[in-house]
Amino acid sequence: MRPFDDSDLSRDGKVLILAYDHGLEHGPVDFEDVPETMDPERVWDVATHDAVTAFAVQKGIAEAYADDYPDVNLLLKLNGTSNLWMGEPDSAVNCSVDYAAEVGAGAVGFTLYGGSNHEVEMAEEFRDIQEDAREHDLPVVMWSYPRGQGVKDDTSPSTIAYAARQALELGADIAKVKYPGSPDAMAHAVDAAGPTKVVMSGGSKTSDEAFLSSVKDAIDAGAVGLAVGRNVFQREEPEKMLDALEAVIYEEASVDAALEHL
Ligand SMILES: O=P(O)(O)OC[C@H]1O[C@](O)(COP(=O)(O)O)[C@@H](O)[C@@H]1O
């Protein structure tokens, strides 16, 4: 397993990945609340905040802007699907690890839909990516999202523990999982992941307090941090939410103290 240290994805052993692949995964509808976020440059600017340890984007967004943001740690997502796809969950590999390294990535990301009819092919694709990433010494983040025919409840404690374990078994350095609803269930997922670190997925935009409380619970349960998109960039003042997350994730602040940043 690749050493998890302060040189790449983490700050003081903690992680805050700002995700901005929504234009592909969900479409421009995700930018309607704050229309300026349609412009990738606006969100690259947000990603320069000290709290952000990596910025997750697709290849096209990386190619167009990465050179202008040398201080942003680029996490290149290597597969993705649009919401227009109506089949069983699947995600097309659209970038190689070699090309990610060429574009300047400090880490790579891959979505695996465990339980989908396409799980076998996706796991095989991940094998190549994981081994190529080792060659390049790039950490691998798995968006481990059980989904599809084999999955009844994609956020149940047992499903999320399985998602975390699947990331370990297949060789990911970090498992990005949905919050399973309680600190105990998150702690169980963290146990299941063993040496693979766990980050919580942000999800759709919620109230400041509900969102920060779930982040706090996840950190207290042993998650190393968060991979978040909408709960940051769909706010009018995303930097203030990053200030609040910085307090919760790196400074062990209470939710009430963090809320003062907003
Ligand atoms: O597949 P879903 O659940 O719609 O969400 C996928 C999105 O969620 C993320 O994993 C995290 O972003 P959010 O914090 O906005 O949920 C993105 O990288 C991705 O675009």
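The following is a conversation about a predicted model, in which a student asks and a tutor answers.

Student: How many residues surround the ligand, and which are the closest?

Tutor: The shell around the ligand divides into five nonpolar, six polar and three charged residues. Helix H1 (22-25), strand E10 (225-228) and helix H9 (230-233) are the elements that give two or more residues to this shell. The ligand is surrounded by 14 residues, and the closest of them are Ala19, Glu25, Gly202, Gly229 and Arg230.

Student: Is glycine 202 buried or exposed, and which residues is it in contact with?

Tutor: Glycine 202 is found in the loop between strand E9 (197-201) and helix H8 (208-220). Since a residue counts as buried when 20 or more other C-beta atoms lie within 10 Å of its own, glycine 202, with 24 such atoms, is buried. Leaving aside neighbours within four places in sequence, glycine 202 is in contact with Leu226, Ala227, Val228, Gly229, Arg230 and Asn231.

Student: Where does UniProt place the feature "active site", and why can its residues be said to gather at one spot?

Tutor: The UniProt record, an unreviewed entry, places this feature at Tyr145 and Lys176. Although these residues span 32 residues in sequence, they gather at one spot, because no two of their C-alpha atoms are more than 8.1 Å apart.

Student: Where does tyrosine 145 lie, and which residues is it in contact with?

Tutor: Tyrosine 145 lies in the loop between strand E7 (140-144) and H6, and with 24 other C-beta atoms within 10 Å it is buried. If neighbours within four places in sequence are left aside, the residues in contact with tyrosine 145 are Thr111, Tyr113 and Ala163.

Student: Is lysine 176 buried or exposed, and which residues does it touch?

Tutor: Lysine 176 lies in strand E8 (residues 174-177). Within 10 Å of lysine 176 there are 29 other C-beta atoms, so this residue is buried. Not counting residues up to four places away in sequence, lysine 176 touches Val141, Met142, Trp143, Ser144, Val199, Ser201 and Ala227.

Student: Which residues of helix H2 are buried, and what covers them?

Tutor: In helix H2 (residues 40-47), the buried residues are Val43, Trp44, Val46 and Ala47. They lie on the same side of H2, because they cover an arc of only 155 degrees around the axis. What covers them includes strand E1 (15-19), strand E2 (54-57), helix H3 (59-65), H9 and helix H10 (238-250).

Student: How many residues has the largest nonpolar core, and which helix gives the largest share?

Tutor: In soluble globular proteins, nonpolar side chains tend to be buried together. The largest nonpolar core here has 87 residues, and those with the most contacts inside it are Leu18, Phe55, Leu75, Val108, Ala164 and Ala189. For one of these, leucine 18, the contacts beyond four places in sequence are Val46, Ala47, Val52, Phe55, Ala56, Val228 and Val232. The largest share of this core, eight residues, comes from helix H6 (residues 157-170).

Student: Is glutamate 169 buried or partly exposed, and how far is its C-alpha atom from that of threonine 196?

Tutor: Glutamate 169 has its place in helix H6. With 14 C-beta neighbours inside 10 Å, glutamate 169 counts as partly exposed. Glutamate 169 and threonine 196 are 27 residues apart along the chain, and their C-alpha atoms are separated by 9.2 Å.

Note on methods:
Residues numbered from 1 in each chain as written. Predicted model: local features only at pLDDT ≥ 70, side-chain atom pairs only at ≥ 80, totals over all residues. Near = placed C-beta within 6 Å. Helix = DSSP H or I, 4+ residues; strand = E, 2+ residues; numbered from the N terminus. Nonpolar A, V, L, I, M, F, W, Y, C, P; charged D, E, K, R; others polar. Buried ≥ 20, exposed ≤ 12 C-beta atoms within 10 Å, placed from the backbone. Arc of directions from axis to C-beta. Contact = placed C-beta atoms within 7 Å. Core = buried A, V, L, I, M, F, W, Y, C linked by C-beta atoms within 7 Å. UniProt positions renumbered as here; feature names shortened; annotations may be inferred.
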